[in-house]
Amino acid sequence: MRLSALVGGYVEKVDVTTPLAEAAQRMVSGQLGSLVVTRNGRVTGIFTEHDVTRAAAHHADMDTATVDEWMTDFPHLARPDWTIEEAADAMVENGIRHLPIMDETGSLVGIVSIKDLVWAMRGPEIEPGTG
């Protein structure tokens, strides 16, 4: 299966100037493990639940600190034509759980998580959240 079969095209994004509290709230309300971070409309990083935890552990002021202070710069990227196995290999090799997907024109077309890959490998007949 190719990654293009897993993505719907919409990716939740935040600007680099977004306060941590706002980003965390968007993640909670959208049940998201990550947000793609942009500067002037271009992908510049990824902000994950791990980054929120790291900021909290360092006592960051969630209302004034911004995502660019805690995000991962220049995240690893995948292509829509990658197989789920290639994406899983990239995640394991790089110790990551989220891969933004960019097409050949450099447009962000989706994001895939390790949970998405496990679901795809186990089969769509298994309902998410039922086990």
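A salt bridge here is a side-chain nitrogen of Lys or Arg within 4 Å of a carboxyl oxygen of Asp or Glu. The model is predicted, and a search of the whole structure finds three such pairs.

Start with E12 and R26. Their closest N and O atoms are 2.4 Å apart, so the pair falls within the 4 Å limit. This bridge ties together distant parts of the chain. E12 sits in the segment before β1 (13-15), while R26 belongs to helix α1, 14 residues away. E12 is partly exposed, with a relative accessible area of 21%. R26 is also partly exposed, at 25%.

Next come R97 and E49. Here the closest N and O atoms lie 3.5 Å apart. This pair, too, links distant parts of the chain: R97 is in the loop between α3 and β5, E49 is in helix α2, and 48 residues separate them. R97 has a relative accessibility of 42%, so it counts as partly exposed. E49 is partly exposed as well, at 33%.

The remaining bridge joins the side chains of R54 and D51, at 3.1 Å from N to O. Both residues are in helix α2. They are three residues apart, which means about one helical turn lies between them. The two partners differ in exposure. R54 is partly exposed at 29% relative accessibility. D51 has a relative accessible area of 2%, so it is buried.

Now turn to the interior. The largest nonpolar core has 16 residues. Those with the most contacts inside it are L20, L35, V37, F47, A60, V67 and W70. Three elements give two or more residues each: α1 (20-30), β2 (34-39) and α2 (49-57). The largest share, four residues, comes from α1. Helix α1 also carries R26, the partner of E12. Helix α2 holds E49, along with R54 and D51.

Back to the surface. D81, E85, E86, D89, E93 and E104 form a negative patch. D81 lies in the loop between β4 (72-73) and α3 (84-94). Its relative accessible area is 51%, so D81 counts as exposed, the cut-off being over 50%.

What lies in the loop between α3 and β5 (98-102)? G95 is placed there, and R97 shares that loop. G95 is exposed, with a relative accessible area of 67%. From G95 to G41, the C-alpha atoms are 27 Å apart in space, and the two residues are 54 apart in sequence.

Notes
Residues are numbered from 1 along each chain as its sequence is written. This is a predicted model: local features need pLDDT of at least 70, side-chain atom pairs count only at pLDDT 80 or more; totals for chains, interfaces and linings use all residues. Side-chain values use heavy atoms; hydrogens and water are left out. Patches are made of residues with over 30% relative accessible area and no salt bridge: like charges are joined within 9 Å, nonpolar side chains (Val, Leu, Ile, Met, Phe, Trp, Tyr) within 5 Å. Accessible areas come from the Shrake-Rupley method with a 1.4 Å probe; for residues, only the protein chains shown count as cover. Lys and Arg count as positive and Asp and Glu as negative; His and the chain ends are not counted. The place of a charge is taken as NZ of Lys, CZ of Arg, CG of Asp or CD of Glu. Buried means under 20% relative accessible area, exposed over 50%, partly exposed in between (1.4 Å probe, protein chains only). A nonpolar core is a set of buried Ala, Val, Leu, Ile, Met, Phe, Trp, Tyr and Cys residues joined through side-chain atoms within 4.5 Å.
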